[in-house]
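Visitor: I am new to reading protein models. Could you walk me through this one?

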Amino acid sequence: MTREEITVKLKDLFDLVLKDDDSPDLELTEDTNLVTDMGLSSVGVLYAVVAVEEFFNIRFDDVGFSDFSTVKDVIDYIEKKVNA
Amino acid sequence: MSSKVKKKRKIGSNFAYDFVKVTGAIPALLWFRVKTIRANENVPKRYKKGVVFAVNHTSFLDPIIVHCVLWYRRLNFLATKELFKTERKLKFFQRMHCIPIDKQNFNISAVHAVRDRLKEEKAIVIFPEGTVNREEGTLENYKSGAVFMAHMAKKPLVPVYIVKGKKWYNRTVAVIGEPIDTTTICGKVPKMADLDNASEYLKQKEEELREIYNQRYKNKKKKD
């Protein structure tokens, strides 16, 4: 799976589980910060991680809330896991 | 062969937990004299399968009280990582079926542990307030973790409200509410906002349990 494919899938996933119905479309770039730009709480990040696990059929190792600050960190991790 | 090994390991892993629970039961029952009441007739007398209990957190002794209330189950508690500082404490609390959770840096391993245990039909106890709240009759804001974990494993979420006696000789009362099906409230694929709303709903349910306690005990005492 290429990096672009992962990014597109990740955007679809975030739209599905994180975006409110009345909020504007999410401009997802690799620099988007999960907490400051997307407004995710600690539970929100874990929810996103679990959703990513199910969507990409991977299992995250022992990672924490602070291990992912931007979308780039998430994509890097997924890329490493999917292509392992 | 493998099933025998699995069974042996299971017995061994529960021995320390059962030993502490049984030996601690007599002083705990005598001291707290916990009275358990069900909110209504729809509340099952016992929960046998995987379930998440959401309990208000009034003191550090709550895990002992919860054991008195749900005496028929082996309980798995989510506990702050600060309790696991030394190797000895780590071993002890792991044997007591506690799952360490880092409040500053929420870790996915705790989520995996909860999901795995719920899949094995075990019971999880979470204090959604996240911290001890000593103010009587109030509830802190509920964090979404309890709803999130129950929904993730598709297990019922059961509110439990504990009222400690004002004086040392007063009985402790626990009110158990109806199980909440998080999928009905949040939908199959909820958004984060839905989980937050469900947490608020859980808090409302706990407040209703407090009202039930007030109606049955406080108002009765006033009349007397």
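Guide: Gladly! Let us start with some vocabulary: Ala, Val, Leu, Ile, Met, Phe, Trp, Tyr, Cys and Pro count as nonpolar, Asp, Glu, Lys and Arg as charged, and the others, Gly among them, as polar. Keep in mind that this is a predicted model.

Visitor: How many residues of each kind line the largest pocket?

Guide: Here is the general idea: rolling a probe the size of a water molecule over the atoms shows where empty space is left. In this model the largest pocket holds about 1,300 Å³ of space. Its lining has 46 residues, with B:P63, B:F77, B:A79, B:C98 and B:F127 nearest the centre. By kind, the lining residues are 34 nonpolar, seven polar and five charged.

Visitor: Which element gives the largest share of that lining?

Guide: That is α1(B), with 12 residues.

Visitor: How much area do chain B and chain A bury between them?

Guide: The size of an interface is often given as the accessible area lost when the parts come together. Here chain B and chain A bury about 1,800 Å², and 61% of it is on carbon and sulfur atoms. On the chain B side, B:F106, B:I108 and B:K191 supply 33% of the area buried against chain A, more than any other three residues. The contact involves 25 residues from chain A and 20 from chain B.

Visitor: Why does B:C68 form no bond with B:C98?

Guide: A disulfide needs two cysteine sulfur atoms within 2.5 Å. The sulfur of B:C68 has its closest cysteine sulfur in B:C98, 16 Å away, so the two are too far apart for a bond. Over all chains, the structure holds zero disulfides.

Conventions
Residues numbered from 1 in each chain as written. Chains lettered and ligands numbered in written order. Predicted model: local features only at pLDDT ≥ 70, side-chain atom pairs only at ≥ 80, totals over all residues. Heavy atoms only, no water. 1 Å grid on protein atoms, 1.4 Å probe; cavity = no way out; pocket = protein on both sides within 12 Å on 5 of 7 lines; lining within 4 Å. Points joined across faces, edges and corners; volume = space filled by probe spheres on them. Helix = DSSP H or I, 4+ residues; strand = E, 2+ residues; numbered from the N terminus. Contact = heavy atoms within 4.5 Å. Buried area = accessible area lost by both parts, 1.4 Å probe.
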